[in-house]
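Biologist: I would love to go through this model with you, one question at a time. Could you show me the sequence and the structure first?

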Amino acid sequence: MSHFTGKLADVDPEIFVALEAETTRQRDGVELIASENLVSLATLEAIGSPMVNKTVEGYPGGRYYGGAENADRVESLAIERAKELFGATYANVQPHSGSQANLAVFLAFLTPGDTVLSMDLSSGGHLSHGAGPNISGKWFDIATYGVGGDGLLDYDAMAETARARSPKLIIAGGSAYPRAIDFDRFRSVADEVGAILLVDMAHWAGLVAAGLHPDPVPVADVVTATTYKNLRGVRGGFILSHRGDLARKLNSAVFPGVQGSVILNAVAAKAVAFHEAMTPEFATYAQGVLDNARALAAALVERDVTVLTGGTDTPLLLVDLRPLGITGAAASDVLEHAGLTANKNGVPDDPESPRVTSGLRLGSSAGTARGLGTEEFTRIGHWIADILEAMAADNDEAVAAVVRGDVQAMVSRFPIYSI
């Protein structure tokens, strides 16, 4: 048998077993991690295509390598679909991730030491927006805004900080803020201080595509996003703008600024995701994502679990575990044993370290993709409350075992693909 033509199970059985185990894990539980989703079979086909073999640098029509005719066609389709889907004048589909898309925007408009204003990590911001351990926090002067006692973004404080610090770039958006953001307010502040406005819509790009969330594209100078999460595509990033005059600056910031050869099979899969997001089926899916997130939040609130801001306008919600005396790390571990995968997450004024945290972030995108509805997400909310109450009473093992059986019985009615 030639390793070049052999099947994975024969060539590398250890990896094969690990991949089969992951498929089983996804099949037998509910993914509640807000940054995860399930891609379509068509997307899987694109990401696993022989396009993975092709290497190019540059952009369609101006490659540095030959043999790029089909690569140009694929990337051009992805660009045009992204522009059509979001009503943008410009799109770049090459970034390998949302963080890399953000880094390209930094490179396009800033020099090291410039001031950036972004949401504080503890209030729901993202690492790539200026957190200390990230390159954005090491190379730039980061000013932050946050939330008030009600958990809602404090726009007045944001504006005051912008006037005091005169940032060159203002970032709206984050990874754990559950409410819609007033982009017009950010635009007004950015214009007042002469800043570029970047909106990172990674966590609700699918809702924007479906017309279920305020649209930042006409308001911001630049918008970054990811193709996974609730856009339900392959892992990767992209950049949009309504300003055609920024195309050259942004393109050169991506290549050769922060990356080299584009991952063409990923671009092909992104094109598929954009195509799928234009369909009526996706609009129904996006509405389900929002309805399910709200049903989950309502069930938790009904059980006296603290949901920050009392609900959500996005696919994600944030739970504060401090009233229960439980850490996010402990809660996520027990929930995983019960077949409910979530992630620990910091909350505003969190006394715990980032490795421990006092909160949980929950999302509805992946569960909705496999067909779960509000009835199932309401049930999930009560299962989570059962487990949290059991943890507070030191009886979590028995309860988690019961919930795991209930979860497996439920998801057996909503099968996913097998690889």
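Biologist: Which residue lies over the face of Tyr228?

Modeller: A word on the basis: this is a predicted model, where local features need pLDDT of at least 70, side-chain atom pairs count only at pLDDT 80 or more, and totals for chains, interfaces and linings use all residues. Residues are numbered from 1 along each chain as its sequence is written, and side-chain values use heavy atoms, with hydrogens and water left out. A charge sits over a ring if NZ of Lys or CZ of Arg is within 6 Å of the ring centre and within 35 degrees of the ring normal. At 4.1 Å from the ring centre of Tyr228, the residue is Arg235.

Biologist: Thanks! And what lies over the face of Tyr285?

Modeller: Here too an arginine is found over the ring. At 4.4 Å from the ring centre, the residue is Arg232.

Biologist: On to the sheet: what is the order of its seven strands?

Modeller: Strands (E, at least two residues) and helices (H or I, at least four) are DSSP runs numbered from the N terminus, and two strands pair if DSSP finds at least two bridges between them. β4 (90-92) and β6 (141-145) each have a single partner strand, so they stand at the edges with one side lacking a neighbour in the sheet. The sheet is open with mixed pairing, and its order is β4-β10-β9-β8-β7-β5-β6.

Biologist: Which residue in β10 stands opposite Ala225?

Modeller: β9 (residues 222-226) and β10 (residues 237-241) pair in the antiparallel sense, over four bridges. Opposite Ala225 we find Phe238.

Biologist: At about what angle does helix α5 run to β9?

Modeller: Axes are lines fitted to C-alpha atoms, for helices over the stretch in contact, and angles run from 0 to 180 degrees between N-to-C directions. Helix α5 (residues 98-109) lies across β5 (115-119), β7 (169-172), β8 (196-200), β9 and β10. Its angle to β9 is about 160 degrees.

Biologist: How many aromatic pairs are there?

Modeller: Rings of Phe, Tyr and Trp (its six-membered ring) pair if their centres lie within 6.5 Å; planes under 30 degrees apart count as stacked, over 60 as edge-to-face and the rest as tilted. By this rule the count is eight.

Biologist: Why is the pair of Phe86 and Phe238 called tilted?

Modeller: Phe86 in helix α4 (residues 69-86) and Phe238 in strand β10 are 152 residues apart. Both are buried, meaning under 20% relative accessible area, with exposed over 50% and partly exposed in between (1.4 Å probe, protein chains only). Their ring centres are 5.7 Å apart, and the pair is tilted because the planes are at 35 degrees.

Biologist: Which residue joins Phe86 and Phe238 in one aromatic cluster?

Modeller: Contact means heavy atoms within 4.5 Å. Not counting residues up to four places away in sequence, Phe86 touches ten residues, among them Met201, Leu240, Phe238 and Phe274. The cluster's other member is Phe274.

Biologist: Which helix gives the most to the largest nonpolar core?

Modeller: A nonpolar core is a set of buried Ala, Val, Leu, Ile, Met, Phe, Trp, Tyr and Cys residues joined through side-chain atoms within 4.5 Å. The largest has 65 residues, and those with the most contacts inside it include Phe86, Ile170 and Val199. With eight residues, the helix giving the most is α11 (residues 264-277).

Biologist: Finally, how does Leu152 count in terms of accessibility?

Modeller: Leu152 is found in the loop between β6 and α7. Beyond its neighbours within four places in sequence, Leu152 is in contact with Val147, Tyr177, Arg179 and Thr309. Its relative accessibility is 35%, so Leu152 counts as partly exposed.
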